[in-house]
Amino acid sequence: MADNKRQNSGVRAPAQGTSSAANQGMAGAMVPLEVALSGAIGARVRISTAAPAVSTIEGTLFTACPITNLVAINTADGKQVQTGDYHVIPVSRIQSFQLLTLAPSTGTPEGPSFSDAVPPVHALDIRALKTREANAVSKLQENEARRGKGVTREAQKLFDAFSRTMPARWDRTSIVVADAVTIAPPYRVDDCRSLVAGDTAALARVRKVLEMERMKMELRNDSATISSTDAFSRNSTANNTNLLSPGPGAAGQRKGG
């Protein structure tokens, strides 16, 4: 069982009365506390903290971070597999630590692996991850294909309206609906052309939907125009009222006159 006490320099000071050569040998054998803790990950340790909060914590050293200068100790009794009782301690507060038992040996030259992690790290389902990735890429490509290139906002709104109820795609700046009807700019009812000879039903349906969507867009535009006009009128009326109303000293001047 090793007992490493923290000094200001991070290295144990040699005892008095020893020779210079012995002192140099001890200094070379000792390592900073941070390095010693990093090498004890997975081992069972007992850590004593310095004032003002003096305490002794015993458990499995889970990690020692050299960036944040923090250590985490799992004080669970070892019977719990999925959960633990973790304590995070700043390295600067560690007065001493004792190595109680070594970390379990993995028996492999590569050292510890994820299969030995506590809590256990389960294997990833690579097939499921690849499927998820492919679905995400397909979705992005589909969304990109739905965006018209070099078209107006009005044309994109018409395309989105058709795609909600029927399959639609872009052919440059023309909208192709169900591979049966094409709508060329400026996307009026008369701009609809059938791609299938004699398929008058599809052409009639697309023209009807296009006419209804254009009516909805015109109603929304008219409503937005009316709302902005009303707001402008209210602001103008309020400004005119403020200009016509007498100031606070006008009544007093008339009374005095």
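Colour the chain by secondary structure to begin, and six helices and ten strands can be picked out in what is a predicted model. Switch next to a surface representation, where the accessible surface of the chain comes to about 18100 Å², with carbon and sulfur atoms contributing 56% of that area. Of the 257 residues in the chain, 21% are buried. If you display contacts with a sequence separation of 6 or more, residues 24 or more positions apart account for 41% of them.

**First stop: the aromatic pairs**

Which kinds of ring arrangement should you look for once the aromatic side chains are shown? The count comes to two aromatic pairs. Select Phe-62 and Tyr-86, whose rings form an edge-to-face pair, with 5.1 Å from centre to centre and 70° between the planes. This pair links distant parts of the chain, since Phe-62 sits in strand 3 (residues 56–65) while Tyr-86 belongs to strand 5 (residues 86–90), 24 residues apart. With the surface still on, Phe-62 counts as partly exposed because its relative accessibility is 38%, and Tyr-86 likewise counts as partly exposed because its value is 31%.

Move on to Phe-159 and Trp-170, whose ring centres are 4.9 Å apart and whose planes meet at 15°, so that this pair is stacked; the cut-off that matters here is that planes under 30 degrees apart count as stacked. Zoom out a little to see the elements involved: Phe-159 lies in helix 4 (residues 153–163) and Trp-170 in strand 7 (residues 168–171), and the pair therefore ties together parts that are eleven residues apart in sequence. Are these two residues buried or exposed? Both Phe-159 and Trp-170 are buried.

**Second stop: the salt bridges**

Hide the rings and show the charged side chains, among which the count comes to seven salt bridges. Begin with Glu-58 and Arg-46, whose side chains meet in a salt bridge with an N to O distance of 3.1 Å. Glu-58 lies in strand 3 and Arg-46 in strand 2 (residues 44–49), so this salt bridge ties together parts that are twelve residues apart in sequence. Glu-58 counts as partly exposed because its relative accessibility is 33%, and Arg-46 is also classed as partly exposed, at 26%. Add Arg-44 to the selection, and you have a network of salt bridges in which Arg-44, Arg-46 and Glu-58 are linked.

Select Glu-144 and Lys-149 next, where another salt bridge joins the two side chains at 3.5 Å, N to O. Glu-144 counts as partly exposed, its relative accessibility being 38%.

**Last stop: from helix 4 to helix 5**

Return to helix 4, which already supplied Phe-159, and select Glu-154 together with Arg-214. Their side chains meet in a salt bridge with an N to O distance of 3.1 Å. What does this pair tie together? Glu-154 lies in helix 4 and Arg-214 in helix 5 (residues 200–244), so the salt bridge joins parts that are 60 residues apart in sequence. The two partners fall into separate exposure classes, Glu-154 being partly exposed with a relative accessible area of 31%, whereas Arg-214 counts as buried at 9% relative accessibility, because buried means under 20% relative accessible area.

Terms used: Residues numbered from 1 in each chain as written. Predicted model: local features only at pLDDT ≥ 70, side-chain atom pairs only at ≥ 80, totals over all residues. Heavy atoms only, no water. Helix = DSSP H or I, 4+ residues; strand = E, 2+ residues; numbered from the N terminus. Buried < 20%, exposed > 50% of the residue type's maximum accessible area, 1.4 Å probe, protein only. Contact = heavy atoms within 4.5 Å. Areas by Shrake-Rupley, 256 points an atom, 1.4 Å probe, with all protein chains shown as cover. Phe/Tyr/Trp six-rings, centres within 6.5 Å; stacked < 30°, edge-to-face > 60°. Salt bridge = Lys/Arg side-chain N within 4 Å of Asp/Glu carboxyl O.
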